[in-house]
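Please work through the exercises that follow with the structure open beside the text. Each one sets a task and then solves it step by step.

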Amino acid sequence: MNENKSQYHANAVEKYWQDIWDKKGCFLTKNQTTKKNYYVLEMFPYPSGRIHMGHVRVYTLGDVLARYKRACGFNVLHPMGWDAFGMPAENAAFENNIHPRDWTNKNIKNMKDQLKSMGISYDWTKEISTCDPEYIKQQQKLFIKFFKAKLLYKKEAWANWDPIENTVLANEQVIDGKGWRSGVKIERKLLSQWFLSITKFSNDLLTDLESLKNWPENVKTMQKNWIGKSVGAEISFQITKENLIESYKNSILVYTTRPDTIFGTSFIALAPDHQLSDILSKSNNGIKEFIKKWESTFANEEMIEKAPKEGVFTNMYVKHPFTEKKIPIYIANYVLSTYGTGAIFGVPAHDERDFVFAKKYDLPIIKVVDPEDSAAQDLPYTGAGTLINSEFLNNKNSLEAKSIIISKLKEINLGEKKTKYRLRDWCASRQRYWGCPIPIIYREDGEVIPVDESDLPVLLPDDVDFSKKNGNPLNNHATWKYTTCKKTGLKAVRETDTLDTFFDSSWYFIRFVDPFNKNPINKKLAEEWCPVHQYVGGIEHAVLHLLYSRFFTKALSSLGEFKFKEPFKGLFCQGMVCHKTYQDSENNWVYPEEVITKNANFFHKDTGNKVKELRSEKMSKSKKNIVDPVNIIQKYGADTARFFMLSDSPPERKLEWTSSGIDGSNKYLLKVWRFFNNLQLNDIIFYENYKYEKEKNKNLIEKTHFYIDKITKSLDNFQYNVAVAQIREFSNIFFSFDIDNIKNEDSIALKFSLTKWIILISPMVPHLAEELWKVLGYKDTLVSEQNWPIANLDYIKITNVNIVVQINGKKKFVYEIPKDLSVEETKEFLSKKEAIKALIKEKEIKKIIVIPNKIFSLVI
RNA sequence: GCCCACUUGGCGGAAUAGGUAGACGCAAGGGACUUAAAAUCCCUUGUCCGUAAGGACGUCCCGGUUCGAGUCCGGGAGUGGGCACCA
């Protein structure tokens, strides 16, 4: 490559080296080696058709790690695949009359080409796609395993129902309570659906978080809060005699974490979809209307919390278990049916929401907890304190009161201590076509049985018309639904729901270790490779995908599939890629590439009209603030795109895309290339322990070791932006060499330094690194196969340090003193200095603080 | 609304464990090279006062701990992510 020395043709160079890596199989993973295994995985993408900058970022981060670990001598597994089921394919089918499978396969092909052009070191022989019949087959086997192990069950659950399209809508397809396409008010429909018993593992999912040392704390906290373990009490409130109804039991069971506040109860509130609410709605129009009014908000916790607190009185009362006072029963829109028992006792003085509710409906507000902090007298007060107005609990603190009340309740048989979790079982049913079919049949005799293993996979029928608005295509298919039971010959219908795509992505990382095995999981290899050493993906998956994967791992482990109990040993969450947004005078969004800048004003490049520059946001098609990676790679090459992705922001934070930023990266890489091309070092051979005579060369060798150490540490800490800065600092040293007059030991020192530098930069810009490697004279080897350099710390020994002299904590000046003086020696050394004496003058020294090698601080 | 983060020059950011704030870049200004431009190279660049030496201020805001706070604690503002059928 590059016979023409005057120009760097990034696209040609990159293609050339990609082919070489491919031919030599540089990134294929072997299962039997003497090396230690290291599994790097980035979250696999949904095949939308084009990669976006978010992909470029996450896959660059993963690739730097994979290449770095390979150089460090690990046997690296770095696979890639496709999260291929999901709604966009069905939307495309609906809008463009293309089959979801064709659309998806076309997208995979495009995206694969685009990913390949980035030069990421994947082992493509392990590629899997979740819509592949083989993946479906293995996943269906897992489903049946779960079914047999009673980790799966059916129960009725609400879904958003669009009565025009006759279909279930996702939450994001419901906008302001209306269907996104039909615009009609969404109803709720109770459907029998499949649930995974994730709550059987609630406690393990919580306590095992502690073992995840290499996970970000914020993700662990989010999961902990999501699981939401609470210790409280379940309490029965007896319905008053005159209010008893035949179709319901004689009490209402509530759950509370604050049983100590029971004497502050002024009402009972039921969730609108509580069983009793449902019964009452049949004979009471007020209740019926209330439930109808709030129906579309039930599905969504955010909407429930944001809605104004409203309720309806049921005309029924319960008795307080201790005071025997009559307490009214309301149905309230802020009570969640999915948490606790779906009913609460309202204590307005000590709960924010109960307080608002009580004010609105003029219910008594009884203060029963006196705050420890006397300043906090405003109600509602939600903290702990000393009990008042509470009979036998008076003068007890909240903690004591809780245990007393629980034992009292137990005595009178009206309550007990209870641990609850906020976590709910996982509804894995989707009433959609483009998903993994659920391998279950319903036999005419009423039995629900899994499809016989010899009949797997159950595949989707191809002959489906998406243009008709008649609901779930599987349910309405003329023949697909109908089958017979293999064992009995009885007639049967297939399950027409498909699986949530989170099911697909909850075990793909285990499949990658042996993607074409006849069984879903290769136990031996899974145990050799898993848990994934480093998983990389977006923070938006902090709870659901990561929690579901953890659950799958625990479930499969409990079924003896393998021994490990967590899927991902290390987790790294990268930030988003953002860009400024632009709007024209009519508030239409404008693409950044259509905007030209003149004197800090912005104009549309075609119309010349003025354009507003607005704040930077996550790149999204809807706001047109996108930059297409394909164009960027075409213009600058993948290395420039990769280098910019790494250089400007810490990986976990948002990255601001700017054209000057990408230009800057490109300029730097071209400068590097020019520098190497002007060298004549091909024939120079260096020795590790060469005795250099010139200071300049000694310094270069020291700096080389210094930066090897620094850059290695930065990479280990995921501080890739810092590593880039250090790469540049390092190169600034050799850029200052006069390479036209270089000879003898100068050449040896430079070749040594440059050789190490190329290896250091190679995970970031692998194609350019190969090119430079060759230019430097290494014709028969690849930089991708080199070992990571090791810093010789003997070269980095520092003899003097700068110590800061402070008066009252303020910096006055800096002294150079010998390194590693003791506290006494430092005092001794510095106290003699005239400048310090001058600072103190006549004043009395109250205190001297010495931090060796750092601070000499006087308090006067 | 609830949970979780983030906030440092004109901009992106750096600052092991509480110890020299602003590394490395971008942009800008000045200069060199060029017939000219581009490219490249060199210099300057937190703010304010000062001719200078130097001084004061300064890490979203308010308060606290400390000899010393970007870093720790309490309160607040703004921005972003998640809230269970987007992936």
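**Exercise 1. Polar contacts with the RNA**

How far is a base oxygen of RNA strand B from an N or O atom in the side chain of N802? Place the result beside other polar contacts of the strand, and then describe the surrounding surface.

Solution. The model is predicted, and every distance below is computed from its atoms. Step one: in the side chain of N802, an N or O atom is found 3.4 Å from a base oxygen of RNA strand B. Step two: the backbone of the strand is also contacted, since R653 places a polar side-chain atom 3.1 Å from a phosphate oxygen of RNA strand B, and D83 has a polar side-chain atom 2.7 Å from a sugar or linking oxygen of RNA strand B. Step three: there are 66 residues around RNA strand B, and those that come nearest are N171, R432, R615, D648 and Q806. Of the atoms of RNA strand B that come within 4 Å of the protein, 63% belong to sugar and phosphate. Step four: the surface near RNA strand B comprises 24 charged, 21 polar and 21 nonpolar residues, and helix α21 (residues 720-735) supplies its largest share, with 6 residues.

**Exercise 2. Two helix pairs**

Determine how α2 is oriented relative to α18, and α20 relative to α22, and list the residues through which each pair meets.

Solution. Step one: the axes of helix α2 (residues 53-71) and helix α18 (residues 638-647) are 9 Å apart, and the packing angle is about 90°. Angles of 65 to 115 degrees count as roughly perpendicular, so α2 is roughly perpendicular to α18. Step two: on the α2 side, M53, V56, R57, T60, L61, D63, V64 and R67 meet R642, M645 and L646 of α18. The contact of α2 with α18 divides by class into 6 nonpolar, 4 charged and 1 polar residues.

Step three: helix α20 (residues 695-716) and helix α22 (residues 745-761) have axes that come within 9 Å and cross at roughly 10°. Because angles under 35 degrees count as roughly parallel, α20 is roughly parallel to α22. Step four: α20 contributes K696, N697, L700, I701, T704, H705, Y707, I708 and I711 to the contact, while α22 contributes E745, D746, A749, L750, F752, S753, K756 and L760. By class, the contact of α20 with α22 holds 9 nonpolar, 4 polar and 4 charged residues.

**Exercise 3. Backbone geometry in loops**

Locate the cis peptide bonds at P457 and P531, and the positive phi at K150.

Solution. Step one: the peptide bond from L456 to P457 is cis, its omega being near 0°, and P457 sits in the loop between β22 (448-450) and β23 (482-484). Step two: the bond from C530 to P531 is likewise cis, with omega near -5°, and P531 belongs to the loop between α15 (523-529) and β26 (534-538). Step three: K150 is not a glycine, yet has a positive phi of about 60°; K150 is placed in the loop between α5 (133-148) and β5 (152-162).

**Exercise 4. Domain layout**

State the domain division of chain A, and give the separation of domain 2 and domain 3.

Solution. Step one: chain A is divided into domain 1 (34-151 + 197-227 + 431-576), domain 2 (229-421), domain 3 (680-797) and domain 4 (798-859). Step two: taken over C-alpha atoms, the centres of domain 2 and domain 3 are separated by 69 Å.

Methods: Residues numbered from 1 in each chain as written. Chains lettered and ligands numbered in written order. Predicted model: local features only at pLDDT ≥ 70, side-chain atom pairs only at ≥ 80, totals over all residues. Heavy atoms only, no water. Domains from an automatic or database assignment. Axes fitted to C-alpha atoms, helices over the stretch in contact; angles between N-to-C directions. Helix = DSSP H or I, 4+ residues; strand = E, 2+ residues; numbered from the N terminus. Parallel < 35°, antiparallel > 145°, perpendicular 65-115°, else oblique. Contact = heavy atoms within 4.5 Å. Nonpolar A, V, L, I, M, F, W, Y, C, P; charged D, E, K, R; others polar. Near = heavy atom within 4 Å. Polar contact = N/O pair within 3.5 Å; in protein donor to acceptor, adjacent residues only side chain to side chain.
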